[in-house]
Amino acid sequence: MASVVKINVLTVPEEQREVLEKRFAARAGSVENSDGFEWFELLRPAEGTDQYLVYTRWRSEEDFQNWMATSMRGAHGGSQGEGGERPKPAASGSELWSFEVVQQAAPKA
């Protein structure tokens, strides 16, 4: 069975970039112990776009869906800002792309 890749495309205004990156740093470890989780990367745009890519790879679609139904809600919805209110989202838009891994390569030893 092929792994699946999920790429969450986040539109992030320049003034919110640092906020987004700090929030991801604060959640470090929240997905790594999930069943079927294989890889995570947060990709900052180098030039020409305001879109960050949140790359995760999963053993199966079912593993991803199980994480979405449970752990992801805690990772994205549980924190509160000063005064008890929920902080404003750093991203102004979001789109989820899904892929199956067809080929992959690693450096030769």
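# Reading the labels in this model

Tutor: Helix 2, residues 61–69, has Asp63, Phe64 and Trp67 as its buried residues. Please keep in mind that this is a predicted model.

Student: What makes aspartate 63 buried or exposed?

Tutor: Set the value against the cut-off. Aspartate 63 has a relative accessible area of 7%, and buried means under 20%. The value falls under the cut-off, so aspartate 63 is called buried.

Student: How do you know which part of helix 2 its buried residues line?

Tutor: Look down the axis of helix 2: the buried residues fall within an arc of 100°, so they line one face of the helix.

Student: Which side chain meets that of aspartate 63 in a salt bridge, and why is the pair called that?

Tutor: The partner is arginine 59, with 2.8 Å from N to O. The cut-off for a salt bridge is 4 Å between a side-chain nitrogen of Lys or Arg and a carboxyl oxygen of Asp or Glu. The pair is an arginine and an aspartate at 2.8 Å, so the name applies. Arginine 59 itself is partly exposed, at 39% relative accessible area. Salt bridges with shared partners also join Asp35, Arg59 and Asp63 into one network.

Student: How many salt bridges does a search of the whole structure find?

Tutor: Seven. One of them is between the side chains of glutamate 21 and arginine 44, at 2.8 Å from N to O. Glutamate 21 sits in helix 1 (residues 17–26) and arginine 44 in the loop between strand 2 and strand 3, so with their positions 23 residues apart, the pair links distant parts of the chain.

Student: What makes arginine 44 buried or exposed?

Tutor: Arginine 44 has a relative accessible area of 54%. Exposed means over 50%, so arginine 44 earns that label. Glutamate 21, at 24%, counts as partly exposed, because that label covers values between the 20% and 50% cut-offs.

Student: What does the pair of arginine 57 and glutamate 38 tie together?

Tutor: Arginine 57 lies in strand 3 and glutamate 38 in strand 2, so the pair ties together parts that are 19 residues apart in sequence. Their side chains meet in a salt bridge at 2.9 Å, N to O. Glutamate 38 is partly exposed, with a relative accessible area of 28%.

Student: How do you know that strand 2 and strand 3 pair, and in which sense?

Tutor: Two strands pair if there are at least two bridges between them. Strand 2 (residues 37–43) and strand 3 have six, so they pass the test, and the sense is antiparallel. Leucine 43, for example, has leucine 53 in strand 3 as its bridge partner.

Student: How many bridges join strand 1 to strand 3, and how many join strand 1 to strand 4?

Tutor: Strand 1 (residues 4–11) is joined to strand 3 (residues 51–58) by eight bridges, and the two run antiparallel. Valine 4 is bridged there to tryptophan 58. Eight bridges also join strand 1 to strand 4, again antiparallel; one pair is valine 9 with glutamate 95 in strand 4.

Student: What is the order of the four strands in the open sheet, and which are the edge strands?

Tutor: The order is 2-3-1-4, with antiparallel pairing. Strand 2 and strand 4 (93–100) are the edge strands, as each pairs on one side only. On average, neighbouring strands of this sheet are turned by 15° against each other, direction ignored.

Student: Which strands does helix 1 touch where it packs on the sheet?

Tutor: Helix 1 touches strand 1, strand 2 and strand 3, and its direction makes about 20° with that of strand 3.

Student: What makes glutamine 16 buried or exposed?

Tutor: Glutamine 16 has a relative accessible area of 15%. Buried means under 20%, so glutamine 16 is called buried. This residue lies in the loop between strand 1 and helix 1. Leaving aside neighbours within four places in sequence, glutamine 16 is in contact with Lys88, Pro89 and Ala90.

Student: How many of the 109 residues of the protein count as buried?

Tutor: As a share, 26%. The protein has three helices and four strands, running β-α-β-β-α-α-β from the N terminus on.

Terms used
Residues are numbered from 1 along each chain as its sequence is written. This is a predicted model: local features need pLDDT of at least 70, side-chain atom pairs count only at pLDDT 80 or more; totals for chains, interfaces and linings use all residues. Side-chain values use heavy atoms; hydrogens and water are left out. Buried means under 20% relative accessible area, exposed over 50%, partly exposed in between (1.4 Å probe, protein chains only). The arc is that of the directions from the helix axis to the C-beta atoms. Axes are lines fitted to C-alpha atoms, for helices over the stretch in contact, and angles run from 0 to 180 degrees between N-to-C directions. Contact means heavy atoms within 4.5 Å.
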